[in-house]
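Q: Please take a close look at one part of the structure shown here, and explain how it is joined to its surroundings. I would like a connected account that a first-year student can follow.

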Amino acid sequence: MKKDVKKKKNITLYVVIPCYNEEAVLSETTKRLKEKLEKLIKQKVVSTDSRVMYVNDGSRDKTWELIEKIHKEEQLFTGLCLSRNRGHQNALLAGLMTAKNYADVVISMDADLQDDIDAIDEMIEKYNTGSDIVYGVRSARKEDTWFKRITAEGFYKFMSKMGVDIVYNHADYRLTSRRALNYLENYKEVNLFLRGMFPLIGFSSDVVYYERKQRFAGESKYPLKKMLSFAWDGITSFSIRPIKLVLTLGVVIFFISILILLYSFIVKLLGYTVPGWTFTICSIWIVAGLEMLSLGIIGEYIGKIYNEVKARPRYIIARNLNEEEEK
């Protein structure tokens, strides 16, 4: 089915970039995004009201001071400052929910220049042909180490097996229309996994393929431990299959225990006196270990329910340079 082409106009674009200790890369990111935005404005693809919005996520270095300086010197840049560090997903959400009040479309990306800035042009083209959400998808993982490539691909495959609807090889580089963001605002969960939330909205979507580059400067904010935690949050936020696996495991162990009971009864009737110490000890440890694992999975879900019930704010904006400028 052919998509309806939207009426051509100079859309207002906001590029939202979460920042946590990004002072090493911020100047270069600003330089490249300024060139891109000025080019799009000159070509009348986007309006002169378009901006880049940096979101300071409680950085401990001079990131916020740099954002303020850039805002004063460059008209095309603005910023948000969160009251404290809330994590990448909350910082990104804060930027998206604020930017939608000013923009027709919002593009989210990382500050480290690994996302291909030139893909923005194609994203806007896809939006103009009817897509409310355009996902930036990596075409290859040539720059990744063998371990990084295997674990990343395993992450997407495992998420799919767990029933999470997620775009393969997509991180958080995407274009979203104001309409889609208005509906995203209705999702009130505290445990955020935005990669899984956008497919739930259900509007027309498309993908743009690009090659992810090496980080320009600084260190990655997602080491292995954090990536594993992020993956687990995604699974437990969007799938109850781990709970179902616990139930299945319980049923299997129950039937095994019946077989062991029958075996023990038959051995007793035949008059064999087998000490069975090793078998008993191993059985106790295996069953106890599985019980602890099961309780841990269930506890994880209960913890998430606890966080949701409290319904605390996902972020608090301490400063909005757009609002300060309007006063």
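A: The account begins with confidence, for this is a predicted model. Over residues 1-5 the pLDDT stays under 50, and for this stretch the model has nine contacts beyond four places in sequence. The protein as a whole averages a pLDDT of 81, and 76% of its residues score at least 70. Confidence is highest in strand β2 (residues 51-56), with a mean of 97, and lowest in helix α8 (residues 224-238), with a mean of 65.

The part chosen for the close look is strand β4, which covers residues 105-108. It belongs to a protein with 11 helices and eight strands. Of the 327 residues, 43% count as buried. Strand β4 is covered on both of its faces. On one side Val105 and Ile107 are buried, and on the other side Val106 and Ser108 are buried as well.

Strand β4 also has neighbours with which it pairs. Strand β1 (residues 13-19) runs parallel to β4, and four bridges join the two. Within this pairing, tyrosine 14 stands opposite valine 106 of β4. Strand β6 (residues 170-177) likewise pairs with β4 over four bridges, but in the antiparallel sense. Here valine 105 stands opposite serine 177 of β6.

From β6 the description can pass to the charged side chains. Side chains of opposite charge can pair when their charged atoms come close. The structure holds 13 salt bridges. One of them is formed by arginine 195 and aspartate 172, with the closest N and O atoms 3.7 Å apart. Aspartate 172 lies in strand β6 and arginine 195 in helix α7 (residues 194-201), so this pair ties together parts of the chain that are 23 residues apart in sequence. Both arginine 195 and aspartate 172 are buried. Elsewhere, Lys36, Asp118 and Asp121 are joined into one network by salt bridges that share partners.

Another salt bridge joins arginine 179 to aspartate 132, with the closest N and O atoms 2.7 Å apart. This pair links distant parts of the chain, 47 residues apart: arginine 179 is in helix α6 (residues 178-184), while aspartate 132 is in the loop between α4 (119-128) and β5 (133-138). Is each partner buried or partly exposed? Aspartate 132 counts as buried because its relative accessibility is 5%, under the limit of 20%. Arginine 179, at 43% relative accessibility, counts as partly exposed.

A further salt bridge is that of arginine 319 with glutamate 68, whose closest N and O atoms are 2.5 Å apart. Arginine 319 is in strand β8 (residues 317-320) and glutamate 68 is in helix α2 (residues 63-73), positions 251 residues apart. Arginine 319 counts as partly exposed, at 30% relative accessibility.

Finally, the surroundings of the strand may be set against the whole. Among contacts between residues at least 6 apart in sequence, 84% join residues at least 24 apart. The protein exposes about 18500 Å², of which carbon and sulfur atoms supply 59%. On the surface, Ile243, Ile298 and Ile302 make a nonpolar patch of about 230 Å². Isoleucine 243 has its place in helix α9 (residues 241-269), and its relative accessible area of 32% makes it partly exposed.

Key:
Residues are numbered from 1 along each chain as its sequence is written. This is a predicted model: local features need pLDDT of at least 70, side-chain atom pairs count only at pLDDT 80 or more; totals for chains, interfaces and linings use all residues. Side-chain values use heavy atoms; hydrogens and water are left out. pLDDT is the predictor's confidence in each residue, from 0 to 100. Contact means heavy atoms within 4.5 Å. Patches are made of residues with over 30% relative accessible area and no salt bridge: like charges are joined within 9 Å, nonpolar side chains (Val, Leu, Ile, Met, Phe, Trp, Tyr) within 5 Å. Accessible areas come from the Shrake-Rupley method with a 1.4 Å probe; for residues, only the protein chains shown count as cover. A salt bridge is a side-chain nitrogen of Lys or Arg within 4 Å of a carboxyl oxygen of Asp or Glu. Buried means under 20% relative accessible area, exposed over 50%, partly exposed in between (1.4 Å probe, protein chains only). Two strands pair if DSSP finds at least two bridges between them.
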